[in-house]
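Colleague: I would like to go through this model before I plan around it. Can we take it one question at a time?

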Amino acid sequence: MPIYEYRCPNGHTFELFQKMSDAPADTCVTCGAGPVEKLLFPVAVHFKGSGFYSTDYGSKTKGAKDGGESSTEKKADKPAEKTSTESKPKTDST
């Protein structure tokens, strides 16, 4: 059973746990004023399946599909990182 949210003319909002076939509320449960209006909220919709284009949504692998550089080519352009042994100064133990 869904929860419906209502607003009265005095600005109070309240929720009612009702069946879909139940009649909507007439008066506010806080102050008794009426008529109350049912509040509606937008629902998130995601279209998935083979009938939709791949450009409809953002993709993490967009660069590879569009003929961009692959991840191995990008790594080759970066300078090599120093390892922990290269960054430590050598001490003479003599």
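**Sheet, ring pair and surface**

Modeller: We can start with a pairing: three bridges join strand 1 to strand 3, and the two run antiparallel. Keep in mind that this is a predicted model.

Colleague: In what order do the three strands of the open sheet lie?

Modeller: Strand 1 has three bridges to strand 3 and five to strand 2. Strand 2 (13-17) and strand 3 (37-39) each pair on one side only, which makes them the edge strands. The pairing is antiparallel, and the order is 2-1-3.

Colleague: What is the average twist from one strand to the next?

Modeller: The sheet in question is the open one of three strands, with antiparallel pairing. From one strand to the next, the twist averages 40°.

Colleague: Which residue in the turn of the hairpin has a positive phi?

Modeller: The hairpin is formed by strand 1 and strand 2, with five residues between them. One bridge of this strand pair links R7 to T13 in strand 2. In the turn, the residue with a positive phi, about 100°, is G11.

Colleague: Which side chains of strand 1 point to one face and are buried?

Modeller: The side chains alternate along strand 1. I3, E5 and R7 point to the other face and are not buried; E5 has L39 in strand 3 as its bridge partner. The buried side chains are those of Y4 and Y6.

Colleague: Are the rings of Y6 and F14 stacked or edge-to-face?

Modeller: A search of the whole structure finds one aromatic pair. The ring centres of Y6 and F14 are 5.6 Å apart and the planes are at 20°. Planes under 30 degrees apart count as stacked, so the pair of Y6 and F14 is stacked.

Colleague: Is F14 buried or exposed?

Modeller: F14 is the bridge partner of Y6 in strand 2, and Y6 is buried at a relative accessible area of 1%. The cut-off for buried is under 20%. F14 has a relative accessible area of 6%, so F14 is buried.

Colleague: Is M1 buried or exposed?

Modeller: M1 lies in the segment before strand 1 (3-7). Exposed means over 50% relative accessible area. The value for M1 is 55%, so M1 counts as exposed.

Colleague: How much accessible area do M1, I3 and F17 have together?

Modeller: I3 points to the face of strand 1 whose side chains are not buried. With M1 and F17, I3 forms a nonpolar patch on the surface. Together the accessible area of M1, I3 and F17 is about 360 Å².

Conventions:
Residues are numbered from 1 along each chain as its sequence is written. This is a predicted model: local features need pLDDT of at least 70, side-chain atom pairs count only at pLDDT 80 or more; totals for chains, interfaces and linings use all residues. Side-chain values use heavy atoms; hydrogens and water are left out. Patches are made of residues with over 30% relative accessible area and no salt bridge: like charges are joined within 9 Å, nonpolar side chains (Val, Leu, Ile, Met, Phe, Trp, Tyr) within 5 Å. Accessible areas come from the Shrake-Rupley method with a 1.4 Å probe; for residues, only the protein chains shown count as cover. A salt bridge is a side-chain nitrogen of Lys or Arg within 4 Å of a carboxyl oxygen of Asp or Glu. Helices (H or I, at least four residues) and strands (E, at least two) are DSSP runs, numbered from the N terminus. Buried means under 20% relative accessible area, exposed over 50%, partly exposed in between (1.4 Å probe, protein chains only). Two strands pair if DSSP finds at least two bridges between them. Axes are lines fitted to C-alpha atoms, for helices over the stretch in contact, and angles run from 0 to 180 degrees between N-to-C directions. Rings of Phe, Tyr and Trp (its six-membered ring) pair if their centres lie within 6.5 Å; planes under 30 degrees apart count as stacked, over 60 as edge-to-face and the rest as tilted.
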